[in-house]
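Here is a short report on charged side-chain contacts and strand pairing. Keep the sequence and the 3D view at hand while reading.

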Amino acid sequence: MSAPNPNTVHPIAGYDKEIYVKPTIKNPNIIVGDFTYIADSEFESHVTHHYDFIGDKLIIGKFCQIAAGVEFVMNGANHQMNAVSTFPFYTLEGWKMNPPAKSDLPFKGDTIIGNDVWIGQNATILPGVHIGDGAIIGANSVVGSNVEPYSIVVGNPAEVTRYRFDKDLTELLLKFKWWDKPIEEINALIPILTSSDLDKVKAEIRRLMKD
């Protein structure tokens with residue numbers, strides 16, 4: 001059995017509706033980690049209003065799971081709000097308006113998604129949001145503010161429904177960073193990563209961190 005390859009586009013043989021994202025990216029302002037996948041045959045159409053002249057980045061970590069219909073809305077979607085009209089005359093033919101200064105546009109910064117984040121079907125991630133490691137975004141949610149690691153958020157606007165683990169396990173996982181380990185080590189860790197016996201998981205991670 002061959003080792004997982006992060007540069008494989010289609011990780012499921014004979015099925016083209018799920019791809020590893022990283023090897024398909026052409027836009028230098030989209031940065032995606034190894035083994036992050038989307039339930040679609042391509043990714044970049046899910047990143048909208050992403051214009052070179054603005055320069056914002058979409059940064060996604062490793063091992064994220066992105067469902068069908070997810071949209072990452074970038075800063076180019078924002079209109080000038082500190083003037084009388086929000087109409088973007090400068091983007092449409094025939095109107096005599098120069099582009100506004102960047103300082104006149106609402107700029108939320110880069111959108112950053114952590115590692116091992118699950119984003120549910122048809123969720124929308126708004127500009128400049130930071131989503132922490134291990135978070136879960138519910139289907140159809142609209143995420144307009146930062147999401148804490150290992151929290152579950154749902155709704156429009158998305159709000160925390162609960163945290164996945166207690167503070168102790170969350171802190172251990174954030175220190176352990178299993179997603180940064182070599183493939184061989186991650187393979188060996190799968191029984192721990194997929195166990196529902198959380199007390200056992202804590203004990204095993206503590207043991208491994210001491211070794």
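## Lys 62 and Asp 180

In this predicted model, Lys 62 and Asp 180 form a salt bridge through their side chains, with 3.2 Å from N to O. The two residues come from distant parts of the chain, 118 residues apart. Lys 62 sits in the loop between strand E5 (58–60) and strand E6 (65–66). Asp 180 sits in the loop between helix H1 (167–176) and helix H2 (183–193).

Are these partners buried or exposed? Neither label fits. Lys 62 has a relative accessible area of 25%, so it is partly exposed. Asp 180 has 44% and is partly exposed as well.

## A helix-to-helix contact and its network

Arg 206 and Asp 168 also meet in a salt bridge, at 2.4 Å from N to O. This pair links helix H3 (residues 198–210), which holds Arg 206, to helix H1, which holds Asp 168. In sequence the two are 38 residues apart.

Arg 206 is partly exposed at 34% relative accessibility. Asp 168 is partly exposed at 32%. The contact belongs to a wider set: salt bridges with shared partners join Asp 166, Asp 168, Lys 202 and Arg 206 into one network.

## Lys 22 and Asp 34

Which residue does Lys 22 pair with? Its salt-bridge partner is Asp 34, and the closest N and O atoms are 2.8 Å apart. Lys 22 lies in the loop between strand E1 (19–20) and strand E2 (30–32), while Asp 34 lies in the loop between E2 and strand E3 (37–38), so the salt bridge ties together parts 12 residues apart in sequence. Lys 22 counts as partly exposed because its relative accessibility is 37%, between the 20% and 50% cut-offs.

How many salt bridges does the whole structure hold? The search finds 6. The Lys 22 to Asp 34 contact is one of the salt bridges.

## The open sheet

Seven strands can be traced next. An open sheet of 7 strands runs in the order E1-E3-E6-E9-E12-E14-E15. Its pairing is mixed. E1 and strand E15 (159–163) are the edge strands, and each pairs on one side only.

Within the sheet order, E9 is followed by E12. Strand E9 (residues 118–119) and strand E12 (residues 136–137) pair in the parallel sense, over 2 bridges. Trp 118 has Ile 136 in E12 as its bridge partner.

How values were computed
Residues numbered from 1 in each chain as written. Predicted model: local features only at pLDDT ≥ 70, side-chain atom pairs only at ≥ 80, totals over all residues. Heavy atoms only, no water. Salt bridge = Lys/Arg side-chain N within 4 Å of Asp/Glu carboxyl O. Helix = DSSP H or I, 4+ residues; strand = E, 2+ residues; numbered from the N terminus. Buried < 20%, exposed > 50% of the residue type's maximum accessible area, 1.4 Å probe, protein only. Pairing = 2+ DSSP bridges.
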